[in-house]
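User: Please take one part of this structure and look at it closely, then set it against the rest. State each cut-off once, where the term comes up.

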Amino acid sequence: MKQTIAAPPVIRLGTDYIGKPVSRVEGLAKVTGAAKYAAEFNVPDLLYGYVVSSPIAKGKITRIHADEVLALSGVLQVFSHENVPSLAWFDRSYKDDLAPGGSPFRPLHDAEILFSQQPVALVVAETFELARYAASLLRVEYAAEAHETDIEKKRDDGYEPGRGKSGFMPPPKPRGNPNEAYKNAAHQHEAEYIHLAQHNNPLENFATTVEWLGEGKKLNIFDKTQGAMNVQQYLTKIFGLSKEEARVISKFTGGAFGAGLRPQYQVFLAVLAALALERSVRVSLTRQQMFSLGHRPHTLQYLKLGANENGGLEAVHHAALAETSQFEDFTEVVVNWSGLLYQCENVKLDYQLTKIDANSPIDMRAPGAATGSFALESAMDELAYKAGVDPLDFRLLNYAERDQNMNKEFSSKKLRECYHQGAARFGWEKRNPTPRSMRDGNWLIGYGMATGCWDATQQKAAAKASLTADGHLMVSSASNDIGTGTYTIMTQIAAQTLGLPLEAVTFRLGDTELPEAPVQGGSWTAASVGTAVQAACQALGKKLLKLAQQLADSPLQGAAFEDVQFVDGVIRLNEDISRRVGIAELLDASGEEKVEAEATTGPNMLKQQPYSMHSHNAVFVEVRVDEDLGTVHVARVVNAVAAGRILNPKTARSQVLGSVVWGIGMALMEESIMDHGFGRYINHSLAEYHIPVMADIHTIDVVLVEEEDDIVNPLGVKGIGEIGFVGVAAAVANAVFHATGKRVRDLPVSLDKLL
Amino acid sequence: MNSFTLTQATAIDEALRDKASHDNSAYLGGGTNLIDLMKENVARPTHLTSLHKLPLSQIERAPDGGLRLGALATNAETAYHPEVEKHYPLLSQTILAGATPQLRNMATDGGNLMQRTRCYYFYDLATPCNKREPGTGCSAIGGYNRIHAILGASEQCIATHPSDMCVALAALEAVVQVSGPDGERRIKFEDFHRLPGERPELDNTLQPGELITAVDLPEKGFAKHFTYLKLRDRTSYAFAAVSVAAALELDGNTIREARLALGGVAHKPWRSKEAEALLVGRPATVETFRQAADQVVKGAVGQGSNDFKIELARRAVVRALKQATEMNYELDENAFLNSNP
């Protein structure tokens, strides 16, 4: 290729998108219904499966009267342990990427009942209505056994779980002499904090549509999940399918909050039925059945804090006891934060599990941190009062400049700025320190605050960039967008990296045929997939530069990749921006139909090893509590977040807004009530499991604190899906104490606890 | 949900005949509760007589001077009807405290009276329930009973009636107009819903086949001093932990007439005539209100998780009466919008 092209006109499209409040690129599709969710793929000749759930918590199935249901015209099959073939020899074949230690639940595997609402059969029929009706008629006989679902009764059976699932860090070894330090402390505080189980309850119920393609065993599996790849490897191991045979697609997800990190049983059941019947099958769960999935575990936390006369933290002891199932050791980081957030030389952290007859818990937004921070930040508030120090000053006084758990520097930590900017925006200085001192008629007014912390992590991820002759850039990675804004920020990164207008870029995700990406969770997607997208686009840019340099009289002759910039649709020299080649013209001249590049990226271990990497926030809350009636309104929240570089302040703010709503829900209403007599969550509907409604939400002010970090990843991003939620519940409970003088240590802070 | 047949009746007698000619049948109004119950297999009718085409949607002056709410008028139409807003603002406020706009647009006034309890166990077929299956036992007694009754419960059932609207109808002394196989009759509101006693499966005193055709409001609407105070676990779309409809007629600071009814505390809207009697002729002071409140909860029994409701009901009654006294709807038509804490 040796031909010349005219220099393109100088245009100023403006292709710097990173950090700009770009609206969701998939927004129109979502509001017009063009975005299809797992249960909306209306493939031809679809069969419907309806799940039959166990009414008992423990025991055995003794008989299933499938014949009675199969007699109905239009019912094709009743799948149960009686007729499901032994699929995979080893139970480890059922382990997905995020499985904790233990033996995973195997749906319809045997007669054993391990938890209430366990799926015991799948009725498959020609219509949904028929499947549902037939399922209601299916008689299943059980031999019930005594169950225990109350961790209060299993306090003495706690055990240390070991390493558990990937990413879990057991508590660090004790440091200093916490017992002695506590004994000698001028100010002491000791208390237990409790919350019951909470369920993720995304608005989109779990569902799978399996399309039977007729050739061999090939399936298109439209699944609600946070990780198509994880679902695919789970299914291929269990059903002996090749990756080509089990394509998992999940382009839109109506929330998941962790519930979709692991493959849920509906995908297993739908694939099982499709393979057995050689038909397309859909299985969707009811809201009630959503309470059979994982949950944030019921956790008891014991806190013991000591401070010296000046308010310096001398001793921290934080112990947690959380429920897990009989078959898995679900672990999350609950107590470690207490050794990290504040400067303290004497720290003891304990984390134990105890087994009950319930399903395994699962990660739920800010897993562990939301739990731990409620206890720690409530206890810090209590100790601040005892020490006679303002709760904010108390935290500033004990500010950790270094991660004492790991004995490492922070890669960056703008928590102090979060405190200052948040307090200023909130008007913290107007707070009268005395509890029950601020009021407006019947309303007692309280100000409370708390701190949050979350990990900044990066996972291995791959992406592919493909620029076609029409000037369109397609970038893809098998990631997911659970409403977080992944589509949008990846489009921004790609467009800016190659200097193309946003409209010329499409990002694809949620398909196992795309380059491999981790599950979307842990706030690592922006860092992991973003880095891969940037790298793939840079690799593509290098190819474009090479093509440009093959032009006769190329204005970019001899330039290295570092010497040029991709901006406004051109490649130009840094030193002389008039020396440039238009990307569209280049493709035209080159005669190439498309130029492609792929990249796989992961954390730079060598660079990161010396550092501790975290996002932080400071939450300030004003509550109004009716003095006589105990009703609580969260009138105002200021949430100041330092999470590295903000790729898109609009979607980032939206993440924090949602987090605050979550925090208000955790503080004031969310709890899954286990009726221990039945061993069953009894408020299993959204009418009785309360999450906030619009009328519960008032002013939320999000402050995105500037934070530069070139250690975490090339983009400098820490992720923002979790951090905004951490600390909110404690801040609300602390504000309630300030308003009323009543300390509520068992969530939620419902009105009965304030009468 | 089982399969069912459905008939669209166009006249009342046709509806009565249609229902009577089918075993295991039910009337279908707005369907906002019945269809849910059918999806949960709590109700399993095999035939529905749809009332949608009956000419019962009118809201008009009643022959005796009050207002007649057609049984098929929706909750939304009723709450925003100019006559209701003007003369029965307590009813408007109460309706708007319930459910969501979507539900209120579908739910009918007759259907509102027919709502079944929201007891967790009633809805969950995995648990015994005397209301759903008489004789199987009550799971709420000794179970989780935060939303259950503190007044008028029995050893068979401690469920509560979930309606807000009915609390106002009880306070306003509405009359339920019904048609049945034996003709028409009128049921005083206090006699419409019943306490569980030994027959918890029966929510009300309707006879088999009877159909609500209208709800009549007497002339007196207490449009000046009233309040509906609804306390719940979130600000909207939650059933009442305790609610209070209070209506007063004041002469200066003296109470001339009083109406007091509670929701969320019993198997029926709980009107306390004893407390009302105690208020009449007394000054509208907190002290008076406290005595009335004590009277309301006299004999209240907690079941464990709902013990708090006794004290909450006391406080709610005092607050509601105070709010009703301070309210002057003639001066400020939006006053009630801000009256819920």
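Analyst: Over residues 1-222 of chain B, helix makes up 27% and strand 17% of the chain, and the C-alpha atoms at the two ends are 44 Å apart. Helices (H or I, at least four residues) and strands (E, at least two) are DSSP runs numbered from the N terminus. UniProt, in an unreviewed entry, places the feature "domain: FAD-binding PCMH-type" at these residues, 1-222 of chain B. UniProt positions are given in the numbering used here, feature names are shortened, and such annotations may be inferred rather than shown by experiment.

This is a predicted model, in which local features need pLDDT of at least 70 and side-chain atom pairs count only at pLDDT 80 or more, while totals for chains, interfaces and linings use all residues. Residues are numbered from 1 along each chain as its sequence is written, chains are lettered from A and ligands numbered from 1 in the order in which they are written, and side-chain values use heavy atoms, leaving out hydrogens and water.

One residue of the annotated range, B:Asp124, takes part in a contact with chain A. Its side chain makes a polar contact with the side chain of A:His684 at 2.7 Å. A polar contact is a pair of N or O atoms within 3.5 Å; within protein, one must be able to donate a hydrogen and the other to accept it, and residues adjacent in sequence count only if both atoms are side-chain atoms. A:His684 sits in the loop between β31 (680-681) and β32 (699-704) of chain A. Its relative accessible area is 8%, so A:His684 is buried. Buried means under 20% relative accessible area, exposed over 50%, and partly exposed in between, with a 1.4 Å probe and protein chains only. Leaving out residues up to four places away in sequence, A:His684 touches A:Gln117, A:Arg287, A:Gln288, A:Phe291 and B:Asp124; a contact means heavy atoms within 4.5 Å.

Of these neighbours, A:Gln117 has a backbone feature of its own: phi is positive, about 70°, although the residue is not a glycine. A:Gln117 lies in the loop between β5 and β6 (119-125) of chain A and is buried, with a relative accessible area of 5%. A:Leu108, in the loop between β4 (101-102) and β5 (112-113) of chain A, also has a positive phi, near 55°. A:Leu108 counts as buried at 4% relative accessibility.

After the annotated range, chain B continues with B:Phe226, found in strand β9 (residues 225-231). B:Phe226 is buried, at 0% relative accessible area. The C-alpha atoms of B:Phe226 and B:Ala245, 19 residues apart along the chain, are separated by 7.5 Å.

For chain B as a whole, the secondary structure comes to 13 helices and 12 strands. A compact globule of 341 residues would have a radius of gyration near 20 Å, and the 20 Å of chain B agrees with that; the radius is taken over C-alpha atoms, and the globule rule is 2.2 Å times the number of residues to the power 0.38. Buried residues make up 58% of the 341 in chain B. Among its contacts between residues at least 6 apart in sequence, 65% join residues at least 24 apart.

Chain A, which holds A:His684, has 16 helices and 32 strands. Its radius of gyration is 28 Å, which agrees with the value near 27 Å for a compact globule of 755 residues. Of those 755 residues, 64% are buried. Residues 24 or more positions apart account for 81% of the chain A contacts with a separation of 6 or more.

The largest nonpolar core has 101 residues, and those with the most contacts inside it are A:Phe620, A:Val621, A:Val623, A:Leu668 and A:Val732. Such a core is a set of buried Ala, Val, Leu, Ile, Met, Phe, Trp, Tyr and Cys residues joined through side-chain atoms within 4.5 Å. Helix α8 (residues 369-387) of chain A supplies the largest share of this core, 10 residues. A second, separate core of 57 residues includes A:Leu467, A:Met490, A:Leu500 and A:Leu502. Among the residues that A:Leu668 touches are A:Val732, A:Pro748 and A:Val749, not counting residues up to four places away in sequence. A:Pro748 is in the segment after α16 of chain A, and a cis peptide bond with omega about -5° joins A:Leu747 to A:Pro748.
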